Amino acid sequence: MAEPLLEVRDLKVSFRTEDGIVRAVDGISFTLDEGEVLGIVGESGSGKSVTMMTVMRLITDPNVIYQGSIIYKGRDLMGLSRDAMREVRGEEIAMIFQDPMTSLNPVYTVGWQIEEQLNEHNDLKKGQARRRAMELLAQVGIPKPEQRIDDYPHQFSGGMRQRVMIALALSCNPDLLIADEPTTALDVTIQAQILELIKNLKREFGSAVVLITHDLGVVADVADRILVMYAGRIVEEGNKEQIFYDPQHPYTWGLLGSIARLDRPRARRLTAIAGQPPSLINRPQGCSFRTRCPQAFDRCRAEDPQLTAKVGDGHLDACHLSVEDKRERRDKTINPELAETA
Amino acid sequence: MLAFIVRRLLWMALVLFAISVLVFLIFFATPGVDPARQMAGRNPSAETIKSIKHEFGLDRSLPVRYGLMMKHMFITRDLISYGSHTRVIPEITSAAPVTLSLVFGAAIIWIVFSILFGVAAAVLRGTVFDPLLMILALIGISIPVFWLGEVVNLITQSRLHDSFLFSWVPPLGYTPLTQDPFMWFKQLIFPWLTLSVLYIGFYARVLRANLIETESEDYIRTARAKGLSERRVLFRHTLRTSMITFVSLFGLDFAVLVGGGALLTEVVFGLPGVGLLTFNSLTALDLPVIMTTVIYAAFFITLASALVDLVYAWLDPRVRLA
């Protein structure tokens, strides 16, 4: 098997605070192959953004502590000098952020901002960067790019700005594109367009994509493989079919149960996972999810479940329940009303 | 653009008119204020006061008096001071270059040093230099300019004047730039430094706060994600957007100083500028001079605020008019 594009090994990211050390990411490992789309799913504070910000080395907080390694194309990014890391950022690994309204600098034209990145990583003649920027704007579906290139970010709508952000990210043909909740700040119709765009461009540019989201519905369509994160750890990992049709971790069941679905009888109300995520300063003993887990039993309190393959073939989960128990119980969480009628 | 300029000029005329009416009313329509009595000297006879009133047109109705004063100020340009009985307009035009020289020089110094200190403090945040620079800035803001000026004079003109350090410092006063540029510079260097200390401190603190605020903006993270160097992120992204507040403050402070706000520095260093003129006219209740200096100051302030708006639009495309 070929070497993976990105390999994260036992990454831990903590922040020193007045209340103690916050373990935002607590020992996660995963790999990403070239051209693959990996979805990272979890609720706010589960460590998904921090993980990918760490890959980009974009965390500027002076109180941050790292452990572990991030191997990109055989090089450990954690060990790179600032200048070497700059070469990687934007050129090899690019990132799209959550809020397109604030992610572009308001005082420069969008063309200027794309050209700035092109010039940073390539030796281009004066007109070349501009032509390329115009091409990119056309590729991400901005109408009349030859006029829009001289517009400022505030003259674009949210969806159009996110398109500009995507153009910016793809400008240097990155091998890895990290999209950090790229559709969260957009309304639903625009969300679908942006996802479609990322999907198409991924094909065109051949980049691998890491798609961070709290919405399983978003990754359902795009991702090849999915990581489910909870409280700074991976609780389940598998390909799309495995996660959606044979989910193993009760937290994944909860996430699946929280999706509003049109192809099922309408529930009286949307279900949610009860309770709050645990404190990342004082993690509860045993399984981190047990405080919110309706299935929790004695062993969950005593022993921290490890991420292991129980159903085989790259499908990992961190839960003490036996596979049979899980398969029997999960419909109640994912779709209680359907389970009742059945 | 043309519409903006025309609108601004009309606005300026309106502001100047309003200010002139207000100042006129304050000094003429306020009970107990009688310039004629003031001019007539000690124990004047009713006759003398009456003749003075007539001579200066003080016995006419208020609107007529206002109209006459404006006519003398702007049309015939022969407004006469009540105090010195000289023409006011030449007094202003000879005082203005002094103030302009003082304020321009000080402004250059304060812009350069406040940006230097503000950026240094923001970049060195987390080290001991940041609080050190900010304490220094606070001291600069807190030192009264007249005290600092006197101390500077004491050192350069008296105590250490004979040492090699300050033997080149000329006596206090002003030499026009056109007459002897080197002398102009030597006489103004200490006033410049003294006047700029307060502003360096103030602007450095404001700039540092703005830089730190901008640093946490999403688009700065984007700039880093693009792989730009820290230097480029700082100067092209963080500093550029932080300058917006800086520029608006600068425009107004500069205008206030040109309009006579540098009074204390002018007095301490014996510079016959607009501030000194305003101060003297206020103590003597010399209305024509007060009126002229106020209008002169108002002119610069409205002009500066128009210029600030222009620069602001250049710095921040979001406020540009379509």
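Let's start inside chain A. V37(A), G39(A) and V41(A) point one way from β3(A). L38(A) and I40(A) point the other way, and all of these residues are buried. Keep in mind that this is a predicted model.

How much of strand β3, residues 37–41 of chain A, is buried? It is 5 of the 5 residues, so the strand is largely enclosed by the rest of the structure.

Now the strand's partners. β3(A) runs parallel to strand β8 of chain A, residues 208–213, and 5 bridges join them. In that pairing, L38(A) stands opposite V210(A) of β8(A). β3(A) also pairs with strand β9 of chain A, residues 225–230. That pairing is parallel too, over 4 bridges. Here V41(A) stands opposite V228(A) in β9(A).

Next, the interface. 27 residues of chain A contact 21 residues of chain B. Together the two chains bury about 2300 Å², with 57% of it on carbon and sulfur atoms. Which three residues supply the most of chain A's share? They are P106(A), V107(A) and E116(A), with 23% of the area that chain A buries against chain B.

E116(A) comes up again. Its side chain meets that of K226(B) in a salt bridge, 2.8 Å from N to O. The count between the two chains is 2 salt bridges. As for polar contacts across the interface, the rule finds 13 residue pairs, both residues at pLDDT 80 or more.

Which elements of chain A give two or more residues to the side touching chain B? α2 (82–88), α3 (110–121) and α6 (158–170). α3(A) gives the most, with 6 residues. By type, that side of chain A divides into 12 nonpolar, 9 polar and 6 charged residues.

Note on methods. Residues numbered from 1 in each chain as written. Chains lettered and ligands numbered in written order. Predicted model: local features only at pLDDT ≥ 70, side-chain atom pairs only at ≥ 80, totals over all residues. Heavy atoms only, no water. Contact = heavy atoms within 4.5 Å. Buried area = accessible area lost by both parts, 1.4 Å probe. Salt bridge = Lys/Arg side-chain N within 4 Å of Asp/Glu carboxyl O. Polar contact = N/O pair within 3.5 Å; in protein donor to acceptor, adjacent residues only side chain to side chain. Nonpolar A, V, L, I, M, F, W, Y, C, P; charged D, E, K, R; others polar. Buried < 20%, exposed > 50% of the residue type's maximum accessible area, 1.4 Å probe, protein only. Pairing = 2+ DSSP bridges.
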